[in-house]
Amino acid sequence: MTTTKWGFALLAATAMTTMVSAPLHAQTAEATASPEEAAAQLEFLKAQVDALQAQLDAVKKSAGINTPSWSGGMPQLSNSDGYKFKVSGELQFDAGQVGNPGPNKIVTNNLGYNARSRRLLIGASGALPGDFSYNFQFNLAEGVVDYEDLIFEYAPHKTPFTFTVGYFYPFSSMENMMSNRFTSFTERAQLNDATGNGRRLGLAATYADKAGDFRIQVGAFGEGINGNTALTYTGTSTSVLNAPAGTVATTTTVATNNNGLYDRTGYQFSARTVYSPQIWGGQLHLGASAQYRRFRQDAQGIQYRARPFTQTTDQRFVGTGNIASKGDQIYGIEAMFIEGPFHAAGEAQYVNVDGYRPGTVVVSPKVLSGTLYPQDAHFITGYGEAGFWLTGETRGYKNGKVDRTKILNPVSAGGLGGVQIVGRVDYLDLTDAVGNTAANSLGLINGGKQIGYLGAINYWPIDYVRFTAEYARAEVTGGSFAATVVPTSTANPSQRKYGTDTFLFRAQIDF
């Protein structure tokens with residue numbers, strides 16, 4: 001029996017003893033007690049009953065505070081003062097096969113069958129008095145401690161604003177804004193993989209109208225959680241770059257006697273707007289985003305690349321190599337419609353790279369990292385998908401993004417669970433003729449094009465458990481491996497084509 005139950009029992013027994021013994025005592029003393037004494041005894045008994053009732057109320061209140069309620073898959077502690085606390089977590093395990101393309105195979109041990117823990121997350125979330133809330137998670141997969149969302153928010157009561165500080169995704173694509181638990185496929189689209197839209201330290205503000213149909217998000221961000229350090233530099237120097245287009249940047253440093261202090265930290269500004277009314281018998285989602293990034297001064301360059309739709313391999317068939325650049329801009333559009341068991345979604349992004357030109361003069365401590373090209377590079381990427389719940393569910397949607405789907409007939413209630421089929425076409429073009437002419441073939445960025453044809457079956461036995469079987473066909477044109485895989489072709493390496501198949505299985509549970 002718990003302490004609370006013992007408390008109830010003790011108080012009840014005391015009350016019963018008092019109520020039973022009191023009349024007997026009163027009856028025995030009735031013959032000798034005066035009316036004044038009898039009245040005093042009654043007042044004493046009434047005071048005892050009131051005191052016992054107060055003790056019972058206190059025990060009940062204490063029991064209510066210490067008894068958790070269930071929120072999602074875990075118990076949540078809360079009280080009337082506004083405190084809330086809940087532990088959360090997620091386990092994802094992947095196993096898959098990535099084919100080595102032909103006719104010539106790539107010499108690598110990074111293809112074929114592999115299994116891995118994709119995410120092993122543990123964290124907590126809650127609220128504090130004064131309209132504050134928090135959420136933090138750590139990823140323990142692959143034996144390395146990594147960071148997921150580490151944030152606290154302030155959402156003033158009866159206002160349309162939310163202010164966020166911490167480590168989280170800058171506002172970019174629709175798929176990047178939703179939890180990995182609810183994406184259609186095991187991995188997000190190439191537009192997130194290729195452009196490196198990862199979490200950053202920053203602060204942001206969100207406006208959402210009263211109906212929740214319209215929201216604006218803006219944020220300013222620094223580097224990753226371990227990258228925000230300053231570089232102290234004594235003395236300045238000038239680097240003159242005379243390398244021709246298409247060659248790796250090299251520098252010759254000439255020191256001067258001036259002293260200076262430089263901040264090497266990169267930064268990013270992001271803005272996104274979403275319009276999400278319920279219309280035409282379903283849920284509509286329309287959005288647009290813009291990102292302005294500046295790279296660290298001690299690493300002025302970037303490469304864009306993408307895996308073959310799974311992280312069971314680190315092999316990339318498409319990639320630009322490092323491009324000497326000071327930053328980039330990314331513009332995106334997004335759309336989705338949910339009606340009953342059906343949904344359709346798509347996104348597209350345009351990337352403009354602010355590249356350095358041959359003959360550029362930079363001042364230390366700037367260090368160029370990559371290849372010089374005569375013009376800025378431009379890339380495009382996008383995807384379109386459609387899905388259908390065979391068991392009648394509707395894709396979850398809340399607060400301007402995809403959320404948990406409620407399984408109608410879970411196995412815990414004797415049902416079948418939820419079954420969803422989904423298909424996608426995913427396009428990425430990392431090839432650009434940046435000033436390429438017949439006399440200057442070095443002006444071509446042969447990053448390659450990768451088109452993915454994906455299909456998946458998602459099975460949810462209950463709301464918090466998911467199994468995914470997925471197939472992806474990657475069709476590649478050009479890229480750094482094209483000349484190796486298709487050596488006998490007479491076509492330019494940037495136009496040679498080959499393909500590979502990926503099979504993947506995931507088991508997932510979250511709480």
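Let's start with Leu128. Is Leu128 buried or exposed? Neither extreme: Leu128 is partly exposed, at 39% relative accessibility. Keep in mind that this is a predicted model. Leu128 sits in strand β4, which covers residues 112-128.

Leu128 has company at the surface. Which residues make up the nonpolar patch around it? They are Tyr83, Leu128, Phe132, Phe152, Tyr154, Phe161, Phe163, Val165 and Leu203. Together they make a nonpolar surface patch of about 830 Å². Two strands, β6 (146-154) and β7 (161-168), each supply at least two of the patch residues. The top contributor is β7, with three residues.

Now step back to the whole chain. It has 511 residues, and 43% of them count as buried. It has five helices and 29 strands. Its accessible surface comes to about 25,000 Å². Carbon and sulfur atoms hold 60% of that surface. Next, the contacts. Take those between residues at least 6 apart in sequence: 67% of them join residues at least 24 apart.

With that many strands, let's look at one of them. Strand β14 covers residues 267-275. In a regular strand the side chains alternate between the two faces of the sheet. Here is how that looks in β14. Gln268, Ser270, Arg272 and Val274 make the covered face. Tyr267, Phe269, Ala271, Thr273 and Tyr275 make the uncovered one.

Which strands does β14 pair with? One is β9, residues 214-221, antiparallel to β14 over eight bridges. Find Phe269 in β14, and Ala220 stands opposite. Another is β16, residues 282-294. That pairing is also antiparallel, over nine bridges. Here Ala271 has Ala290 of β16 as its bridge partner.

Let's go inside. The largest nonpolar core has 27 residues. Which of them touch the most other members? Tyr304, Phe317, Ile323, Val353, Phe379, Ile445 and Tyr498 do. Several elements feed this core with at least two residues each: β20 (323-339), β21 (342-355), β26 (418-433) and α5 (482-485). There is also a second, separate core of 15 residues. Its members include Met174, Met178, Leu191 and Ala345.

On to charges. How many salt bridges does the structure hold? The count is 22. I'll take three of them.

First on my list, Asp298 and Arg296. Their side chains meet at 3.2 Å, N to O. Asp298 is partly exposed, with a relative accessible area of 23%. Arg296 is partly exposed too, at 22%.

Next, Asp314 and Arg307. The closest N and O atoms of this salt bridge are 2.8 Å apart. Here the two ends have separate labels. Asp314 is partly exposed, with a relative accessible area of 46%. Arg307 has 12% relative accessibility, and the cut-off for buried is under 20%, so Arg307 counts as buried.

Then Arg395 and Glu385. This salt bridge spans 3.7 Å, N to O. Where do the two residues lie? Arg395 is in the loop between β23 (378-389) and β24 (397-398), while Glu385 is in strand β23. The pair therefore ties together parts that are ten residues apart in sequence. Arg395 is buried, at 8% relative accessibility. Glu385 is buried as well, at 8%. Elsewhere, salt bridges with shared partners join Asp94, Arg118, Glu187 and Arg506 into one network.

One last residue: Glu175. It lies in helix α3, residues 174-177. Is Glu175 buried or exposed? Glu175 is buried, with a relative accessibility of 2%. What does Glu175 touch, leaving out residues up to four places away in sequence? The list is Thr183, Arg188, Ala189, Asn192, Glu347, Tyr383 and Arg424.

To wrap up, three places to find on the model. At the surface, look for the nonpolar patch that includes Leu128. Inside, look for the core of 27 residues. And in helix α3, look for Glu175.

Technical notes
Residues numbered from 1 in each chain as written. Predicted model: local features only at pLDDT ≥ 70, side-chain atom pairs only at ≥ 80, totals over all residues. Heavy atoms only, no water. Buried < 20%, exposed > 50% of the residue type's maximum accessible area, 1.4 Å probe, protein only. Helix = DSSP H or I, 4+ residues; strand = E, 2+ residues; numbered from the N terminus. Pairing = 2+ DSSP bridges. Patch = residues over 30% accessible without salt bridge, like charges linked within 9 Å, V, L, I, M, F, W, Y side chains within 5 Å. Areas by Shrake-Rupley, 256 points an atom, 1.4 Å probe, with all protein chains shown as cover. Salt bridge = Lys/Arg side-chain N within 4 Å of Asp/Glu carboxyl O. Core = buried A, V, L, I, M, F, W, Y, C linked by side-chain atoms within 4.5 Å. Contact = heavy atoms within 4.5 Å.
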